[in-house]
Amino acid sequence: MIMIGQGTDNMKILDWDVFNLLYNYINRGKKNELIPGYNDSSQHQGSFQIFEGDTVNTDVTAPAAIMALSLLYLKTNNLMVANSVKVIVSEATMDSLKPDHVLYRMLSFNLIMWDTLVPTLDWMEEIVPGYAELLESLQSESFLMIGWTQELYYRICAISGSFLALSLKFAASCNAHAFNMMLPWLKIIRKLRESSYSEEAGGKVILEQCLNTVLVSLSLLMAGSGNITILKMARQLRKRTNDVSYGNHMAIHMAIGFLFLGGGRYTLKTDDIAIASLLCAVYPKWPISSKDNRFHLQALRHLYVLACEPRLFVTRDVDNKNICYTPIEVTLKETLNYPESRVKMLSPCFIPESKYIKKITTLGPRYLSFALTVPKKNK
């Protein structure tokens with residue numbers, strides 16, 4: 001987090017060859033090339049429980065190295081680094097990677113390739129080839145009759161990781177395209193998880209992890225809005241009694257908390273520190289019990305507070321100082337993926353981040369028209 005987003009520009013990182021170090025921790029590098037003094041038997045003791053060989057144990061090192069790489073090259077759009085973690089589900093992938101590692105890798109890939117992260121069908125087809133056909137088959141009434149293959153779980157993990165990255169970019173934006181893309185998958189994964197076939201096929205734990213990830217992603221996207229659809233889904237999942245762990249309840253309650261952040265007065269921002277804090281808070285590996293800190297320190301779940309900010313736009317009557325309903329028009333600046341546009345809202349309401357706003361204008365015949373221009377920030 002100290003060197004966030006500086007992987008391409010910082011000379012120290014280039015001199016230290018951090019990329020190759022992390023790459024080897026992700027892809028089974030040789031221990032004698034990574035660990036100083038490894039060949040000195042007096043300074044090294046191997047595992048007493050399993051035989052690890054001469055390569056690092058990626059089950060332990062890969063998740064941390066993937067997250068470090070994604071933060072180091074956050075928003076850099078470095079295609080070489082992104083392709084080093086990108087996964088296309090195939091037989092070779094399923095033989096060499098665990099399903100949850102596919103989720104982490106696709107999350108990392110999209111955080112690095114920030115500018116290409118847009119909620120469109122073309123983007124998803126690039127992430128998961130055959131995405132449209134997969135979605136159509138899973139939404140059909142005969143979805144339980146599809147092949148319960150290992151490939152299905154890997155593809156769902158890739159989709160879940162991509163959705164989490166998408167929600168971090170569009171956090172608290174209530175983007176309709178992103179919402180409509182994610183919501184069907186929340187319902188699909190829930191149906192798959194609740195079917196008897198999931199336990200027989202050995203995918204219950206993976207589907208539960210993906211379900212939690214998509215639910216939290218939707219809540220980040222709609223943070224502070226109190227969206228009733230997501231609230232209903234979260235409450236239904238909360239009522240489950242069979243095979244529900246502490247981590248499941250944690251994910252569900254965090255999702256509800258994001259929906260009503262600060263009692264509906266706070267929302268989320270998307271600067272570098274905010275994204276890193278949210279990634280630590282919603283890291284998609286949920287604990288088994290309240291004392292489980294094996295894969296992720298539970299105290300880090302509280303770092304979401306660093307991404308919170310009050311962005312509630314309130315209009316008041318100048319005579320009596322009372323809050324009043326006022327139609328407003330927000331002019332949004334042109335960005336790489338979206339042209340300049342105007343959005344009509346009804347105050348009090350959440351407005352987008354100031355870096356995206358060009359002007360706010362009051363509308364309607366009841367009050368005098370007033371335009372507020374957002375000044376440019378000096379870089």
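How many bridges join strand S4 to S7? There are five, and the two strands, S4 covering residues 326–332, run antiparallel. Before going further, a word on the basis: this is a predicted model, in which local features need pLDDT of at least 70 and side-chain atom pairs count only at pLDDT 80 or more, while totals for chains, interfaces and linings use all residues. Residues are numbered from 1 along each chain as its sequence is written, and side-chain values use heavy atoms, with hydrogens and water left out.

The helices and strands named here are DSSP runs, numbered from the N terminus (helices are H or I with at least four residues, strands are E with at least two). Two strands pair if DSSP finds at least two bridges between them. On that basis S4 and S7 belong to an open sheet of four strands, with antiparallel pairing and the order S5-S4-S7-S8. Its edges are strand S5 (341–347) and strand S8 (371–373), each of which pairs on one side only. From one strand to the next, the twist averages 20 degrees. Within the sheet, Leu 332 stands opposite Ile 357 in S7. On to the next pair: strand S7 (residues 357–362) is joined to S8 by three bridges, again running antiparallel, and here Thr 361 stands opposite Ala 371 in S8. In a regular strand, side chains alternate between the two faces of the sheet.

Just past strand S5 comes a small oddity. Ser 347 and Pro 348 are joined by a cis peptide bond, with omega at about 5 degrees; Pro 348 lies in the loop between S5 and strand S6 (349–350). Another one turns up at Lys 75, which is not a glycine yet has a positive phi of about 65 degrees. Lys 75 sits in the loop between helix H4 (58–72) and helix H5 (79–85). For background, most residues other than glycine have a negative phi, and most peptide bonds are trans.

Now for the helices. Axes are lines fitted to C-alpha atoms, for helices over the stretch in contact, and angles between N-to-C directions run from 0 to 180 degrees. Helix H11 (residues 176–194) and helix H13 (residues 204–221) pack at about 155 degrees, their axes 9 Å apart. H11 and H13 are therefore roughly antiparallel (angles over 145 degrees count as such, under 35 as roughly parallel, 65 to 115 as roughly perpendicular and the rest as oblique). Their crossing is left-handed, meaning that the near helix is turned anticlockwise from the far one by less than a right angle. Among the residues that meet (contact means heavy atoms within 4.5 Å) are Phe 179 and Met 182 in H11 and Leu 207 and Cys 210 in H13. By class, the contact of H11 with H13 has 14 nonpolar, one polar and four charged residues (Ala, Val, Leu, Ile, Met, Phe, Trp, Tyr, Cys and Pro count as nonpolar, Asp, Glu, Lys and Arg as charged, and the others, Gly among them, as polar).

The axes of helix H14 (residues 228–238) and helix H15 (residues 246–259) come within 10 Å and cross at roughly 155 degrees. H14 and H15 are therefore roughly antiparallel too, and the crossing is left-handed. Residues in the contact include Ile 230 and Leu 231 of H14 and His 249 and Ile 252 of H15.
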